Each structure stands twice: as C-alpha cells, then as structure tokens.
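User: Hi! I've just opened this one and would love some help reading it. Can we go through it together?

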Amino acid sequence: ADTINHLLLSSFTQVDPYNAKGKAKSAKEVIVAASEEIPRLKNLSPYVRYSLNRSIGEVFLNLADFDNAKKHLKLAQQSGHISLPDDTAKNAIALGFAELGLGNLDNTDKYINIALKNIKKIKHNESARLSANTHFLHARLYQERTEWEEAITSHLNASEQYKKFESTGNDGAIPNRIYLAKAYISNREYEKANKLLSSLHQQLVDDKLLQSPHFVQVQATRAHLYWYQDRWLEAEVLLEKQITDVSSLYGENSDLGIDTVGMLASVKYMLAKKVESKSYHKLSIEMTAKKYGERHIKMTGLLTNYGNFLQATGDYTEAEVTLGNAMALSLEHFGANHDTTQYSKWVLGIVKGRLGKLKSSILLMTEAESVFRSKYKDTEYPISEIQQTIGIAMFFNQDYESAEAYLQHSQRNALARDEPNPKVIKENLRYLTKLYERLENNEKLLSANRLVESALENLKSEH
C-alpha cells in the first residue's frame, strides 16, 4: 500500500501548478509519469508489479496509445505473478487489443487463442465475462480482415455473453454493439445497422450520456451508414460536427479523428468540393503518419482512397505512386486476396491505362477481376465496373475482340442487378458503339443500341 501511495503521489503532484511550472498536464502525461516511476520502486512483490503494469497498460489502451499499452502489459506478463488462468486470459485479451491497434493481426490471433485456452480452465462466473471480451476482440479482428459474416457472428456471441452482466454493468457491451453496427454496414445490411444505431442512440439519451465517447462513436457510425447509402449532405453535416466533438474528447490524431477526417474527404469529393476533399485526404494521412508512422496498417485504406481521388481528378502521375505504395502496404498487412489489395490494384490499373501503359494496366485489372469474381457474384459490385475498365483498356490497346467480350460481360452483369447503375450501362454503350463503328459492323451497332436503350427505358419506368 505504501508503494502504491508513493507512486500515485509522485505522479499526481506533477499536476500541481507549482511542480508543473505553470504547464498544464494532461491525463496521458500523468500516466506516463507514473509508468516511468515503476522501475524505480524497490522491493515490489510480483503481484504488485503485475497489478501496476497491467492497470497502467489498460489505461494506455483506453487512451489508444498502443505502443505503451503493449509495453506495460508485456511487463505484467513477465512479472512472475501470472499463474491463475483468469489473470492470464485478462492480460492476453488486453495484449490482443493492443496488437490489433498496432496492426499486428497475427499476434492478435495468437493472444485470442491464449485467452480461449485459459478461459476453459476457469470454473467461476468470470469466465463468461472474459469469453464476451474475447468474442468482441475476435470480431474486431475479423473486421480488420474484412470477413464480415464471421465478424457479425462473433459480435452476436459477445452480446449474448454481455447480457449476463447487464445488472452489474459492463464496459464492453456498448462498444461491441457499435462495432456490430459497423459490421452490418460493411456487409450492406443497412436496415439492421440503422435499427441498432437508433437503439444505442436512445439508450445514451436516456442515460444522459450525450457528451460521452460512446455517443461520439455512435454518431461516427451513423455517418458511416450515410456514406454507404450515398446520403452525402447528411454525412457532411454530421462529420463536420464530429471532427470538433472527437477532438475535444480524444485530442489530436486519435483513431476516430483520423477515420472521421478520411470519411469527410470522400464526402466532400462526392459533393464536388474537390479542393476541400484533397485537403482532408492529406490531413488524414499526415495525422496517421504522425501517430503511427508511414507503414502502419491504417495507411493502406487512406492511401488507396487518396490514390482513387487523384485518379478521379486527373492527377495520374501522383496517383500512380500513391496507389503503388497503397498496394505494397496492403500486401504486407493483409495479403494478396484482401479486398483493399485488389481494389488498389484495380485503380492502379486504371491509372496506368490513363498514362498509356496499357499492357501493365490490363494485367493488373484482370488479376483484380479474377480475385473479386472468386469472392463475389457477377452481379455484385465491383465485377461489372472492373470488366468495363478492362474492356476500355483493351479497346485502346486495339484488341477489339477481347474488348467487346469484356464490355458485353459488364453490360449483362450491370443489367442483372436489382438496382442497375445507368452510368455503367451508358458507358458500356458508348464504347461498344465506338468499337462497332471502328469495325464497321452496323448490324451489331444497331443491336447494341436497341439493347441498351431498352434497358434505360426500363430503368426510367421503374424509378
């Protein structure tokens, strides 16, 4: 007790205006001071050393300082105290979240397995709480790997376990439901996501928690839903408010702040505010580099989105470099078959085509098409879109037979969707028309025109 009192006093006296020499100390600076004091404390029992390091590690985890969290949780693990299964499981779960934050997905998997192995040995009620936290961690890992069905199942398993502790409270229940909503959105189950977010919103209103981190995260997820549903004006209003709210709660360069700025960049582009969009894209990348460095897992999505923006606004030279870096990072973190890797490869192929590098363009895009077709139905996004860009590249490469085949595949898949995209259909018509004019095939030209004009008429009547 005397040792812990000394640690607390030595840390918190620095907040005193006299000791702080007029400089305000943040909560994080106080925790850093406390963590630096531990090695100087003598004659600590293994249990006290374990408890101090684990508590400080979990505080760093809550502050999203994953490096320091991992450092202290590792020290707790090495303290010589951990022998009981519940202590081992708790520390493994915390380390799993730290590794997840650092983008070390394989290490996260390793700690999940350690936690599950030890939970099986626990005979008392704590096993259910630890099981819930492990399911939540596993769901987060599945989300990072874009395995949405598995993520949803794990989130639902966690929810069932968390319900057992509603009367005593549980810090993991609300975050688990927020991330479940995110998984529903990514899996395009918008109705379920909306219902869950409305329920969470009402719960936080009833509990008078409108200034809480949970409420900010719910609103951020609501903006994520608007983004997926192309509700750009609503998303813009919500995200601009979120930037202020997130900054006041979490400070600069928080993960949620980075995600909010990145999403706002995409929304601004969709609203034709290209200058603002570019500014937000660059800001999100700078924030991430400052916090984590340039090789972090979060950089993959940010660079891919920025590269796509540069491609769409005609800055092909910078887009080629940016997307090349994005694809290399995605390969490093996620592997060859991940959606982010293949999406960056596809857009890089478009850019190379724009720069006249048609052979490498076609090679990249056909590789991406092959992987996406192994994972999605031909009528799902982005199969038709990729086939169209391959067809256009082959047209300019004067491989007219292959170009026709890809454009026709794209057209059939686009028309077979529940909600066909008129832009895709019209663009296919434009290039098929050019192709048949070049081949002087009037019969096919008339046939293509009739087919697509009929489809567009059907679309008008349906909407």
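User: How much area does the protein expose, and what share do carbon and sulfur atoms supply?
Analyst: The protein exposes about 23,700 Å², and carbon and sulfur atoms supply 50% of that. Accessible areas here come from the Shrake-Rupley method with a 1.4 Å probe, and for residues only the protein chains shown count as cover. Keep in mind that this is a predicted model: local features need pLDDT of at least 70, side-chain atom pairs count only at pLDDT 80 or more, and totals for chains, interfaces and linings use all residues. Residues are numbered from 1 along each chain as its sequence is written, and side-chain values use heavy atoms, with hydrogens and water left out.

User: Got it. What percentage of the residues count as buried?
Analyst: Of the 463 residues, 48% count as buried. Buried means under 20% relative accessible area, exposed means over 50%, and partly exposed is in between (1.4 Å probe, protein chains only).

User: And how many helices and strands are there?
Analyst: The protein has 22 helices and zero strands. Both are DSSP runs numbered from the N terminus: helices are H or I with at least four residues, strands are E with at least two.

User: Let's pick a pair. How do H15 and H16 cross?
Analyst: The axes of H15 (residues 298-312) and H16 (residues 316-333) come within 8 Å and cross at roughly 155°. Axes are lines fitted to C-alpha atoms, for helices over the stretch in contact, with angles from 0 to 180 degrees between N-to-C directions. That angle makes H15 roughly antiparallel to H16, a label for angles over 145 degrees.

User: Which residues make the contact?
Analyst: Among them are Met299, Leu303 and Tyr306 of H15, and Tyr316, Ala319 and Leu323 of H16. Contact means heavy atoms within 4.5 Å.

User: New topic: where is Pro175, and is it buried or exposed?
Analyst: Pro175 lies in helix H9 (residues 173-186). At 13% relative accessibility, Pro175 counts as buried.

User: What does Pro175 touch?
Analyst: Not counting residues up to four places away in sequence, Pro175 touches Phe136 and His214. The C-alpha atoms of Pro175 and Gln217 are separated by 8.4 Å, although these two are 42 residues apart along the chain.

User: What about Ser159, buried or exposed?
Analyst: Ser159 counts as buried, at 15% relative accessibility. Ser159 is found in helix H8 (residues 148-162) and, leaving aside its neighbours within four places in sequence, is in contact with Asn176 and Arg177.

Conventions
Parallel < 35°, antiparallel > 145°, perpendicular 65-115°, else oblique.
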